[in-house]
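Hi,

Here's the structure I said I'd pass along. Have a look at it first, and my notes on what turned up follow underneath.

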Amino acid sequence: MTGPTRTHALRLLIAWAVLSVVGVLLALQLRLPPGDQSQQSIDESGLLQLMTVISTPVFIGVVLFVLYSVVVFRQKRGALEDGPPSYGNFRVQVAWVAITAVIVLILAGIGIGELAGRANGTNFASSNQPSLATTGSVGTTEANALQIQVIAQQWYFTYRYPDYAGVESLHLMLPVNANVVIHVTSTDILHSWWAYELGVKADANPGVDNITYLTTLRTGSFTVRCAELCGIWHGNMVDTNGAVVSQADFATWVADLQKSSANVTLPPYSQYYFPSPRVKGT
Amino acid sequence: MSVDEPVPPPFAHRGMPTLTTRSPEWEPEVDARLARVGTRIWIVADVFFFAAWFFAFFYLRALNNNYDWLPAGTTHPTRAIGAIIVLLAIVAAGLYWAGARAIVTQRATARLFFWLALLAGVLCFVVQIYEFKNLGFDPQQGGGFPSVFIGLKGVWLFQLTGAMFWLATQIAQARPLGDATIRPKSVVTFGNFMLFLAAIALVSYVVLYFV
Amino acid sequence: MATATLGTGGPTLQASERQMVLPTNLLTGIVLAAVGYYVGVQIGNGFGFNDGLNTGVLLGYTFGSVMFLVGVGFANYPLARLFGWPIAPQSAGDEYRGAWRFLNLSLDHKVIGIQYLVAMLMAMFFGGIGAMLIRTNLLSPDQLVVPPDKYLVLVSMHSVMMIFVASAAIVGPFGNFFVPYMIGTNRMAFPRLEALSFWLVPPAIVILLAAPLFGGFPTGWTGYAPLSEQAGQGFDSYIVGFALIGTALCVSGVNMLTTVISLRAPGMTWTRLPIFVWGVFSASILGTFAAPILASAVIMQGFDRSMNTSFFISSNGGSPYLWENLFWFFGHPEVYIFILPAFGIVMELIPHFARKPLWGYRTAVVGLLGVTLLSWFVWQHHLFVSGIAPALRPFYMFSTEMISIPTGIVFLVAFGTLWRAKISMTVPMLFCLGFLFNFLIGGLSGVFLSDVPSDVTLHGSYFSMAHFHFTIVGGEIFAIVAAIYYWFPKMTGRMLNMTLGKIHFWWMMIAFNLAFMPLFAAGILDMPRRVSTYAPSLQGLNDWVSFWAYLLFASMLLFAVNVIWSWFFNPKVAPADPWHVRSIEWTLPTPLPRRNFERIPTFTSGPYDYGNPSPRPAADLGSEPAPA
Ligand SMILES: [Cu+2]
Ligand SMILES: [Cu+2]
């Protein structure tokens, strides 16, 4: 490297290193949502923070470089001078591509690692097609996990507890420190079940059993929203009364629910529901 | 403005494209090359167009949602009629291709082939409409297969209609001093599209009647 | 008017081709469109499908559009071929003069470029008004101005209109206008297809604007299937509008690809091609091959809604997943149709204003083509939580993150070019640097979304909405504005006012960032997209956003004033080469001659040969006769 180039590069490098350290330290102070109510939300908070930490030096580097260039490498007013005729530097280009590739590999590694620890699956209404029906990790659910069915329809979610005779509730109540398997389905159009504080989101499709997993860690209430446009009252498809409660409270609650539902005839529990009428135009 | 000066057309004949300036970029040879490149790109784009329908076929068939890929009581359409449609499409493409080969040396033969190709294409259209009228199932009653059948065959028929229109213009331009004589290579190029349509017909036949 | 001097760089229509049974012009087109619409509705309703009269509206729009094109003059050439009437591939004259020419069918790529520019700016204005109404409604967590159904109509209109604009606003105006100059040709490969790609846009916009007459549609631009099948006749606008735009993208791409492949002048090798042409070229690859998928998908929607087939009805053997797959298989390449030509503009302008060669030209080309290739393999990142094939998600996550490698190359090339350069902070350059900043944020936020576990929280939230506004508004629109400031003198013969331009830049940059940056926070704080009501705790944030969104809109109004005043009321003709740059279009006189080149030029060096002590001219413009 020639003299002036080295000076510029050194200045930039030092400024970038200092600012990046400051930036990363600041980013590490962030406490990003969704929080710590479930293992999934802890993972996501951590991941969002990790992404922020990785992005910070990149952001600082680009902004710093552009600002430095436009301040230092300016055309003199009224002059029309050309810059040096450099058409590229092979080693710099290879290094740049290699660095971005390594960052991408790290990111993908983190993501895939997270995914591997997070089972997920889908069942389709026609289970005569095993190749599609058993995609993901259906069937690998722990035997002691609590099963919950989320039924979306315009414009609310209903929760069924197949472990408790298929009783229904309009608010999701979960025991703390429990493994929960959530089956999301819909009876009309697409919705997306988003339990914000719990860090889970899954689309609700008619005729599809979209499975997602959850481990509750802390008691407290949470908000459920619909995250897929589903018509007029999409924005009002909110329930702030979901709650993670202690095991004992959950047992009482579900017993009460079973008692009060004893006289109610619910539709038979099913893995999927289809919109009716079956034939259009009738 | 010397290059822009209109020169009198060398021939005064109806159907003759009048090249009114002497600019090299409008030479028939340039046009022929552009037609060749453009047609290839267009055919690849059309492959993507039909790929969506074949994807729909296999995807819905694999999902078999609500066990309604083939609704109860649905009978597959008759293979013989489907075969006739494919054969007519292939014959039309083949006749056009043969005609396009002959356009420079034997224009009368070429026109005859073009007319026969048009006839085959129109027959193909008629038989397809007949098939639509006698399906043995009603897509309005639901079912993945009936939907894809109607859809794929419908969009194919639409493109066949467009191709037949263009074929008719080729017949008109295959008269003495017509455009087809000025730019014979463009005529050959259109044959590629006819062959492509016939190939799609063949593939859809295999998929829709045998899979 | 300076613009009156444009013309005849392509073939023009002779009277014989133009005057057939009816005189074909814009007015005939409008009249025939009305007739076609009426006939289509009558025929469609006559079928008697139990379809909520969708068939009638669909056929009405289709017939109306076709008849509009016939009236404008697109049937003349095929009919002339059919009946053996004289065909004029080109002629020396053009009987329309002045502004009237821009309102009628012209096969001159310069006229088409101007037509596109004006149409796109107008459509952008409509879309912007939609955005203002949306932001007004969101001033309060409850419905403030419009009820929720109308709110969704607004969201859908804004999004579809802006998608129309974004997909054609660079290749349409600047690609059509400047690619023939940059590659040194007097013609486009298929001038009629080029004109068709423009004339499909006005009917698409009119049909989209007609949607509220039928109650609008509630689906946003994604048109997800079972909701779309619930929607009333307003959704038929979506179907026909996207079918028209898809056709426009496809035919424009066929024309552009063939032109660049076949009509490059002598010496214009693939490695001398200006990087802007490479951007247009790669976007055209995506447009040509992705748009047919969209066309097929919206035709399926049309069949479902008119003939009661069940492509997307899950209870009848169809599947909403089919739409999601087809739509995003088109939709992801679509977003690169937006941004690739913007990359082209930025990488084209930075060397000129840094007065340094484009650093790493070949790497830049590889980057553009790499994005083009990779964008076919990532579409399911929009479907991470949909339940489609969960086992494939690691693959789509990886392929999506891979795209940041070729995208990073764009930044590398910009860096290398800026390094030790002689930078002039002109207005176009400011917008290019603004692009780098905004697109950086857009790109980095994209990494958050590409990761499956973090996407679980961010998917469908305001975070993703802020992400794509940073890439499309902060990225593509900034590039478009840069291109307008840069090329306006060559296109119209008038300079834009650069003092206003500098005010515009700082105003727009600040307002844009202050408006959209908080939306990332809104997304992380539990605000889903497309909602008319939201948590009351987020009102302060939303009011702040609305305030700066108004100012952003105002900055665009300032821009509009600048454009209109400079174009029509400024008598001073721009110099031929106001920027003192090497690119070939600036070596031609302003106003541009009717014919691009008297002789086809011979290119002798690349367009970015700055700093060369004995530079050769970029092109030999005619001392020697052009090879045939
Ligand atoms: Cu919703
Ligand atoms: Cu995407």
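Before the notes, one definition: contact here means heavy atoms within 4.5 Å, and angles run from 0 to 180 degrees between N-to-C directions. Also keep in mind that this is a predicted model.

With that in hand, start in chain A. Helix α5 of chain A (residues 247-260) lies across two strands, β5(A) and β11(A). Its direction runs at about 135° to β5(A), and β11(A) covers residues 238-245.

Those two strands belong to an open sheet of five, ordered β5-β11-β10-β7-β8 in chain A, and the pairing in it is mixed. At the edges sit β5(A), residues 173-175, and β8(A), residues 200-204, each of them paired on one side only. On average, neighbouring strands in the sheet are turned by 25° against each other, if you ignore direction. Over at the β8(A) end, β7(A) (residues 191-195) pairs with β8(A) in the antiparallel sense, over five bridges. If you want a spot to click on, Trp194(A) stands opposite Lys201(A) in β8(A).

Still in chain A, there are two peptide bonds to check before you set anything up. Pro33(A) and Pro34(A) are joined by a cis bond, with omega about 5°. Pro34(A) is in the loop between α1(A) (3-29) and α2(A) (39-72). The other cis bond joins Gln154(A) and Trp155(A), again with omega about 5°; Trp155(A) is in the loop between β2(A) (146-153) and β3(A) (156-161). For context, most peptide bonds are trans, and most residues other than glycine have a negative phi.

That brings me to chain C, where Arg355(C) has a positive phi, near 50°. Arg355(C) is found in the loop that links α14(C) (320-354) to α15(C).

Now for α15(C) itself. Which way does it run relative to α17(C)? The two helices, residues 361-374 and 404-418 of chain C, pack at an angle of about 155° with their axes 8 Å apart. Anything over 145 degrees counts as roughly antiparallel, and α15(C) and α17(C) are therefore roughly antiparallel to each other. Their crossing is left-handed. On the α15(C) side, the residues involved are Thr363(C), Ala364(C), Gly367(C), Gly370(C), Val371(C) and Leu374(C), and they meet Pro406(C), Thr407(C), Ile409(C) and Val413(C) of α17(C). By class, that contact has six nonpolar residues, four polar ones and no charged ones.

Finally, confidence. The predictor gives the complex an ipTM of 0.92 and a pTM of 0.92. Chain C has a mean pLDDT of 89, with 93% of its residues at 70 or more. Two stretches of chain C to watch are residues 12-19, where pLDDT stays under 50 and the model has 25 contacts beyond four places in sequence, and residues 623-628, also below 50, with six contacts beyond near neighbours in sequence. Chain A averages a pLDDT of 85, and 87% of its residues score at least 70. In chain A, pLDDT is below 50 over residues 127-141, a stretch with 31 contacts beyond near neighbours in sequence. It also stays under 50 over residues 277-282 of chain A, which have 16 contacts beyond four places in sequence. Where pLDDT is low, the predicted coordinates should not be read in detail.

Cheers

Technical notes. Residues are numbered from 1 along each chain as its sequence is written. Chains are lettered from A and ligands numbered from 1 in the order in which they are written. This is a predicted model: local features need pLDDT of at least 70, side-chain atom pairs count only at pLDDT 80 or more; totals for chains, interfaces and linings use all residues. Side-chain values use heavy atoms; hydrogens and water are left out. Helices (H or I, at least four residues) and strands (E, at least two) are DSSP runs, numbered from the N terminus. Angles under 35 degrees count as roughly parallel, over 145 as roughly antiparallel, 65 to 115 as roughly perpendicular and the rest as oblique. A crossing is left-handed if the near helix is turned anticlockwise from the far one by less than a right angle, and right-handed if clockwise. Ala, Val, Leu, Ile, Met, Phe, Trp, Tyr, Cys and Pro count as nonpolar, Asp, Glu, Lys and Arg as charged, and the others, Gly among them, as polar. pLDDT is the predictor's confidence in each residue, from 0 to 100. Two strands pair if DSSP finds at least two bridges between them.
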